[in-house]
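Welcome! Here is a short tour of the model, from the overall build of its chains to the places where parts meet.

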Amino acid sequence: MKPAPFEYVRPTSINEACAALATDESVIIAGGQTLIPMLAMRLARPAVLIDIARIPGLAGIREEADAVVIGATTRQVEAERSTTVARGVPLLARALPFVGHAPTRNRGTLGGSVANADPAAEIPLVLVTLGGSVVVRDAAQTHEIAAQNFVLGPMMTALASGALVIALRFPVWDGGRIGVGFHEISTRASDFAFAAAAAQVVLDAAGRCTRCAIGVGAATPRPVRLDAVASKLVGSTLAETHIQAAVADAVDALDIMVDSHASADYRRRAAKALATRALTDARDAARGAPA
Amino acid sequence: MKVELNVNGARASVEVEPRTTLVDCLRDNLGLTGTHTGCEHGICGACTVLLDGEPVRSCLMLAVQADGFAITTIEAVAPAPGELSIVQDAFCETHGLQCGFCTPGMILTAEALLRRIPNPTRADIVSAISANICRCTGYGQIVEAIALAAKRMAGSNVPRETAPGEPA
């Protein structure tokens, strides 16, 4: 269980990192909480490891007019303890304690989780659910890719070879009473989930839903935003039976994964139950939230 | 590659291959064998060390990534040779260990928890050690040990601002 030999470089700028990426068989390391096990098991055998963890400007949490922008190498623990995240992106704050466990969150980064694109990963699920985007540096150009177009499938992203994830943009919702819900199920706490669901809703003064986002992950090859559910629920008072029916229709239409741990039927049932729970949690929290 | 590490308050210069994990470097280059090598892929928590006071898995970090951090291993937890820290003592008293393989990781996880949350709930304790596997105790006595240590620290008159390994 020892990695095969590789070369280690630590570029001091984003441009230098991209230049190093241009060589074949090089791979980015930030927190390394997924990559190092893959190296140890020799599932990955890169020739060069490019450590971006200390590049100035790649870490940090910044508030913009309509978004919280989190640098790619920001450690998960920093976002978990950030008041900016708690205030602006409460759904992310709710989901972060489910990511790995505390010691891996102390090293693991947000950008790394999205670039790795594990179907069970919570951070890409939240980013897709909120309609966020991935800020990418590609051949000296910075551009944004919508999260739902970025994550293509298990461990597959739209990131071009030689490109680098530099930040994640999480939309901030304002106006009305906001509530969030996040649920997942796995064999044991902090293990890979079989199914996960994330929800964020806004209620007006009369308790009607004015905005709704719901996504499911882990059961599907990549996180999916259920826009059909959101459009059915906006305008309603989010009665549980109404939520259940909308979720059931949408989840029935999804492509569900199977493995030795859980059948597709089980994952589909779990996804429906968890999405319903996430939405009712979000609704209940919004009902109690200040306007 | 040459790396300058800060381990238990002392500077150490080591020559390692880039693929050397921090746990192998601590054990093989620095002789600090209190940090145990378990699964070597981030599952078991036996190799837990503190990095700037926070628990991390030293098998999920390369030695060449570890410069510039204050690294604390189990060797620096006791206040003096032949003595035990409050947490170590509580583990002995409540039989919080049997074979001892997971114990260094459990102790460091507990030390970090109690520094961040001096009065942890049972849920805080369970959540903190959920990242560390113990195959002997069934965890019950470990939870008891950490709760006992918290109670004793609260009643202790020793200042607790300093991290283990740092001079008081």
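## Domains of chain A

The domain bounds used here come from an automatic or database domain assignment. With those bounds, chain A is divided into three parts: domain 1 spans 7-51, domain 2 spans 61-170 and domain 3 spans 178-288. Please keep in mind as you read that this is a predicted model.

Let's look at how domain 2 and domain 3 of chain A meet. Their centres, taken over C-alpha atoms, are 20 Å apart. Domain 2 of chain A gives 22 residues to the contact, and domain 3 of chain A gives 21 residues. On the domain 2 side, helix H5 (90-95), helix H8 (122-129) and strand E8 (151-153) of chain A each supply at least two residues. H8(A) has the largest share of that side, with six residues. By class, the side of domain 2 of chain A that touches domain 3 of chain A holds 14 nonpolar, six polar and two charged residues.

## Overall build of chain A

Stepping back to the whole chain, you will find twelve helices and 14 strands in chain A. Its C-alpha atoms fill a box of roughly 60 × 45 × 30 Å along the principal axes. For 291 residues, a compact globule would have a radius of gyration near 19 Å, and the 19 Å of chain A therefore agrees with that expectation.

Of the 291 residues of chain A, 52% count as buried. Contacts across the sequence are also worth a look: among those in chain A between residues at least 6 apart in sequence, 65% join residues at least 24 apart.

## Domains of chain B

Chain B is divided into domain 1 (2-76) and domain 2 (86-155). The centres of these two domains of chain B, taken over C-alpha atoms, are separated by 21 Å. Their contact takes 14 residues from domain 1 of chain B and twelve residues from domain 2 of chain B.

On the domain 1 side, E3 and E4 of chain B are the elements that give two or more residues. The largest share there, three residues, comes from E3(B). Sorted by class, this side of domain 1 of chain B has seven nonpolar, six polar and one charged residue.

## Where the chains meet

How many residues does each chain bring to the contact between chain A and chain B? Chain B brings 21 residues and chain A brings 24 residues.

On the chain B side, strand E3 (48-51) and strand E4 (54-57) each supply at least two residues. Here E4(B) has the largest share, with four residues. The side of chain B that touches chain A is made up of ten nonpolar, six polar and five charged residues.

Conventions. Residues are numbered from 1 along each chain as its sequence is written. Chains are lettered from A and ligands numbered from 1 in the order in which they are written. This is a predicted model: local features need pLDDT of at least 70, side-chain atom pairs count only at pLDDT 80 or more; totals for chains, interfaces and linings use all residues. Two residues are in contact if their C-beta atoms, placed from the backbone, lie within 7 Å. Ala, Val, Leu, Ile, Met, Phe, Trp, Tyr, Cys and Pro count as nonpolar, Asp, Glu, Lys and Arg as charged, and the others, Gly among them, as polar. The radius of gyration is taken over C-alpha atoms; the globule rule is 2.2 Å times the number of residues to the power 0.38. A residue is buried if 20 or more other C-beta atoms lie within 10 Å of its own, exposed if 12 or fewer, and partly exposed in between; C-beta atoms are placed from the backbone.
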